[in-house]
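Thanks for coming. I have one model to go through today, so let me put it on the screen.

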Amino acid sequence: MSVHSVSPNDAVPAANADGLPHNKLSWWLDKTMITIGELSAWLWVLCLLVVLTNVFSRFVLARGSIALEELSWHLFGAAVLLALAYAVVRDDHVRVDVLSEKFTLRSRTIIELLGIVFLALPIVVLMVDALIPFAYHAFVYSERSQAPSGLPHRFIFKSVLPLGLMLLALALFSKATRCSTLLFNFPRAITAPTNNRDRGHSQP
């Protein structure tokens with residue numbers, strides 16, 4: 001799939017007529033976030049299998065498993081965290097649409113850019129900065145579940161916390177560059193082809 005630059009005087013491509021234009025950086029960042037999000041969706045299947053196995057073990061075999069119960073929690077949390085960036089790229093996160101739908105695209109873009117730069121990104125960066133030592137501490141001290149039959153190696157899930165938020169930061173940064181492209185034509189806009197599975201999204 002190729003992308004082509006457009007001049008500042010060209011109209012926004014039809015696929016992006018109702019949204020933000022792409023630039024080369026945002027195109028590849030968004031494509032990466034979507035790929036990770038789609039792959040992480042398999043965690044929901046795995047989580048369901050673990051839950052069903054635990055239910056069968058508990059109510060049929062009368063052998064409840066704390067390890068399986070904890071694993072289902074961890075898989076659920078990991079699936080949610082790794083989907084945050086995907087939600088931002090696809091613009092599927094919660095918005096106050098009753099207000100934003102009354103604004104022009106340029107007004108919404110200005111609000112979006114200010115919100116990302118001065119609110120969302122700083123908070124996410126601070127959270128990542130706090131969570132990396134949190135995961136490292138669990139690794140150094142070989143932290144495990146407090147339950148005798150619980151899961152070991154808790155650093156694995158704790159590492160997913162900063163990882164998911166770092167992906168979220170990249171998705172927010174990508175969205176900020178797209179806002180900049182619309183408002184200031186920097187970085188330069190490109191035509192971003194879509195396909196049927198995008199269901200009308202202007203993202204990759």
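I will go through some helix packing, then a pocket, then a few backbone details. Keep in mind that this is a predicted model.

Start with helix α6, residues 155-184. At 1.5 Å a residue, its 30 residues should span 44 Å, and the end C-alpha atoms are 43 Å apart, so the two values agree.

Now, what does α6 pack against? One partner is α3, residues 66-90. The axes of α3 and α6 lie 7 Å apart and make an angle of about 10°. Angles under 35 degrees count as roughly parallel, and α3 and α6 are therefore roughly parallel to each other. On the α3 side the contact includes His 74, Gly 77, Ala 78, Leu 81 and Leu 82, and further along Val 88 and Val 89. On the α6 side, the residues include Phe 157, Val 160, Leu 161, Gly 164, Leu 168, Ala 171 and Lys 175. By class, the α3 and α6 contact has 16 nonpolar, 3 polar and 1 charged residues.

These two helices come up again at the second largest pocket, where each supplies at least two residues of the lining. The space in that pocket is about 250 Å³. It is lined by 13 residues, and the closest to its centre are Leu 71, His 74, Leu 75, Ile 156 and Phe 157. Which helix gives the most to this lining? That is α3, with 5 residues. The lining divides into 10 nonpolar, 2 polar and 1 charged. Note that His 74 and Phe 157 are also part of the contact between α3 and α6.

Next, the other helix pair. Helix α1, residues 24-40, and helix α2, residues 42-59, have axes that come within 4 Å and cross at roughly 15°. That makes α1 roughly parallel to α2. The contact is made by Glu 38, Leu 39 and Ser 40 of α1, with Trp 42, Leu 43 and Trp 44 of α2. Those residues divide into 4 nonpolar, 1 polar and 1 charged.

Last, the backbone on either side of α6. Ahead of the helix, in the loop between α5 and α6, is His 153. Its phi is near 55°, a positive value in a residue other than glycine. After the helix comes Asn 185, where phi is also positive, near 55°.

Where is the cis peptide bond? The bond from Phe 186 to Pro 187 is cis, with omega near -5°. Pro 187 sits in the loop between α6 and β3, the strand at 189-191.

That is what I have; questions are welcome.

Conventions
Residues are numbered from 1 along each chain as its sequence is written. This is a predicted model: local features need pLDDT of at least 70, side-chain atom pairs count only at pLDDT 80 or more; totals for chains, interfaces and linings use all residues. Side-chain values use heavy atoms; hydrogens and water are left out. The expected span of a helix is 1.5 Å times one less than its number of residues. On a 1 Å grid over the protein atoms alone, a cavity is a set of points where a 1.4 Å probe fits but cannot get out, and a pocket is an open set with protein on both sides within 12 Å along at least five of seven lines; lining residues have an atom within 4 Å of a point. Grid points are joined across faces, edges and corners, and a volume is the space filled by probe spheres set on the points. Ala, Val, Leu, Ile, Met, Phe, Trp, Tyr, Cys and Pro count as nonpolar, Asp, Glu, Lys and Arg as charged, and the others, Gly among them, as polar. Axes are lines fitted to C-alpha atoms, for helices over the stretch in contact, and angles run from 0 to 180 degrees between N-to-C directions. Angles under 35 degrees count as roughly parallel, over 145 as roughly antiparallel, 65 to 115 as roughly perpendicular and the rest as oblique. Contact means heavy atoms within 4.5 Å.
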